[in-house]
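Hi,

Here is the structure I promised to pass on to you. Have a look at it first, then read on for what turned up.

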Amino acid sequence: MITWGISANSHDAALAVFHDEHIVFASHSERFSGKKNDGNLCNDLVNYAKTKFGGMPDQVIWYENPYLKTLRQLRAGQGWMWPKNNIKQYLRGYGIIAPIKYTQHHHSHAAAGYYTSGFDHACVVVIDAIGEFTTYSIWRGQGDKLKCIYTIGYPHSLGLFYSAMTQRCYLKPNEEEYILMGMAAYGDANKFTGVMLDELLELPNDDLQQPFRLRRDLHRGCMDWRPDLNLKDVFDLAAATQEVYEMAFDRILRQAAKLCPSKNLVLMGGCALNCSANYLTGRYFDQTWIMPNPGDAGSAIGAVLAHNPQWRMYPKDFTPFLGYDMGMAHSNDQIVDYLVSDQICGLARGPAEFGPRALGNRSLLADPRGLDIKDRVNKIKQRQEFRPFAPVILEELVNDYFAMPHGWTTSRYMQVTARCLKPTEFSAIIHTDGTSRVQTVPKDGSAFRLLLEAWYARTGCPMLLNTSLNIKGRPMVNNHSDSRNFERQYNIRVFN
Ligand SMILES: [Fe+2]
């Protein structure tokens with residue numbers, strides 16, 4: 001039985017393929033189309049899935065309910081969107097003809113998280129911009145069962161608040177929220193936090209009843225809010241946005257812990273990508289699991305698991321390396337030789353990561369020591385000076401170099417920030433507030449782990465700088481042709 005899970009027709013489309021209960025492939029559409037955050041499927045992705053993984057699916061499971069979504073869009077003043085939301089017709093456009101089942105948007109998020117967590121029981125929290133109507137939900141996971149116990153709906157949405165402020169800071173909403181998060185460390189939150197709470201997002205007194213509420217509908221942004229803002233204010237605005245987000249997030253976690261007591265938390269939805277705020281989970285839970293692709297793209301997997309909870313996976317069996325497979329051509333010794341002499345190289349091998357982070361299979365790697373490294377990598381990445389780069393470190397040594405927050409003994413998918421204990425030695429991977437978005441690599445025998453071990457044996461340094469391998473404005477490298485294009489464009493050696 002071949003089952004396809006699909007999340008598309010919105011933003012950041014993705015497709016997952018299951019053979020019976022086994023996941024065999026998952027990829028963002030953008031990696032095949034070359035269009036960053038491509039919201040639609042593309043023929044190259046569909047053909048790759050068909051050709052490599054057994055042909056046309058026996059069934060498709062779609063990540064949300066298009067009928068309810070159409071109703072919400074009508075209520076939100078977006079008009080009658082039915083022709084666009086007709087999924088059967090949409091899939092036919094890509095030659096996909098199979099019976100279709102639908103899942104509700106937050107159920108797909110919750111299932112993607114809980115059924116890959118390995119927990120036998122957990123409190124599951126989903127926070128995003130909007131699905132059909134729901135914007136925030138709490139679920140109780142027990143064995144194979146997942147039950148929704150609390151929801152907040154449109155227009156009250158923490159994700160919409162963050163995206164609206166992203167746009168207000170002259171960035172691209174639904175795409176550049178992570179840039180706003182990076183800017184926050186440079187601003188003074190005090191300047192706008194009060195006014196934001198007075199005019200945009202309310203924190204009601206009874207936070208167990210409703211932890212936050214929007215004072216106005218931010219679905220279409222708030223570019224008219226505070227028209228006297230100037231460009232110099234945006235860092236302060238970013239800082240206040242992050243501050244207000246964390247205040248609401250803390251109340252959400254407190255509410256969730258009360259309504260669904262458990263030592264285990266599963267956090268999902270696009271807001272789970274806010275790695276600066278995620279340390280807060282440790283205040284209420286002993287362990288946190290965030291599936292490596294917690295946004296809508298990950299719901300391509302979640303939709304399938306929501307319909308088939310008996311297919312749940314355990315973290316030891318679950319891997320984010322599910323995409324296009326480039327194979328391997330070079331040895332780790334060759335790569336370490338090159339890194340020791342040249343300090344920077346690309347690495348594109350094996351299956352691509354399914355998720356927004358490069359975790360070692362489509363990465364630009366650099367020696368994190370030395371004052372000029374950040375400038376050299378920035379020259380290649382051509383991104384804003386204020387944005388930090390992330391370290392990847394041997395997991396057993398993480399506590400020697402970083403103060404991991406409570407509840408986060410590991411961070412295998414770059415989901416939390418931690419204060420660096422040796423900032424002067426590793427300036428290239430430290431943000432202005434002294435933190436780093438850490439990736440820890442366990443002793444799993446993977447090629448990337450062995451590369452990091454070889455680098456440590458040669459240099460005594462247990463970490464590398466790790467950032468995504470992509471040409472500016474384009475998605476991460478997917479295949480050999482992309483890899484060669486990257487080499488040509490930046491004159492940087494890419495090892496396969
Ligand atoms: Fe979502």
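Let's begin with two helices that meet: H107, S108, H109, A111, A112, Y115 and T116 in α6 touch S299, G302, A303, L305 and A306 in α11. This is a predicted model, by the way, so please keep that in mind as you read. To describe how two helices pack, people give the angle between their axes and the distance between those axes. For α6 and helix α11 (residues 299–307), the angle is about 85 degrees and the axes are 7 Å apart. Angles of 65 to 115 degrees count as roughly perpendicular, so α6 and α11 are roughly perpendicular to each other.

Now for the metal. Which residues coordinate the iron ion? They are H105 and H109, each through NE2, plus D128 and D296, each through OD, at 2.1 to 2.3 Å. Along the chain, these donors follow the spacing H-x3-H-x18-D-x167-D. Take H109 and D128 as a pair that links distant parts of the chain: H109 sits in helix α6 (residues 105–117), while D128 is in the loop between β6 (121–127) and β7 (134–142), 19 residues away. Both H109 and D128 are buried. And why is the arrangement around the iron ion called irregular? Because the four donor atoms subtend angles of 85 to 176 degrees.

Just past α6 you'll find F119, in the loop between α6 and β6. Is F119 buried or exposed? Its relative accessibility is 10%, and anything under 20% is called buried, so F119 counts as buried. Leaving out neighbours within four places in sequence, F119 is in contact with Y114, N264, L265, V266, Q287, W289 and R312. If you want a sense of distance, try F119 and D224: they are 105 residues apart in sequence, and their C-alpha atoms are 45 Å apart in space.

Next, have a look at α7. Ten of its eleven residues are buried, which leaves this helix mostly covered. Among the buried ones are L158, F161, Y162 and M165. What covers them? The cover for the buried residues of α7 includes β6, α8, α9 (190–199), β9 (201–202), β10 (213–214) and α10 (234–259).

One of those, α8, makes a second helix pair for you to look at. Helix α7 (residues 158–168) and helix α8 (residues 177–184) pack at an angle of about 75 degrees, with 9 Å between their axes. That makes α7 and α8 roughly perpendicular to each other, too. On the α7 side, the residues that meet α8 are Y162, S163, M165 and T166; on the α8 side they are E177, L180 and M181.

The two ends of α7 deserve a quick look as well. At its start, a side-chain oxygen of S157 comes within 3.4 Å of the backbone nitrogen of G159. Just after the helix, Y170 has a positive phi of about 65 degrees.

Last stop: N9, which is in the loop between β1 (2–7) and β2 (14–19). With a relative accessible area of 7%, N9 is buried. How far is the backbone oxygen of K84 from a polar atom of the side chain of N9? The answer is 2.8 Å. Not counting residues up to four places away in sequence, N9 touches G39, N40, W62, K69, K84, N85, I87 and Y90.

Happy exploring!

Note on methods
Residues numbered from 1 in each chain as written. Predicted model: local features only at pLDDT ≥ 70, side-chain atom pairs only at ≥ 80, totals over all residues. Heavy atoms only, no water. Helix = DSSP H or I, 4+ residues; strand = E, 2+ residues; numbered from the N terminus. Buried < 20%, exposed > 50% of the residue type's maximum accessible area, 1.4 Å probe, protein only. Polar contact = N/O pair within 3.5 Å; in protein donor to acceptor, adjacent residues only side chain to side chain. Contact = heavy atoms within 4.5 Å. Donors = N, O, S within 2.8 Å, 3.2 Å for Na, K, Ca; no water. Tetrahedral: all angles 85-135°; square planar, octahedral: opposite > 155°, others 65-115°. Axes fitted to C-alpha atoms, helices over the stretch in contact; angles between N-to-C directions. Parallel < 35°, antiparallel > 145°, perpendicular 65-115°, else oblique.
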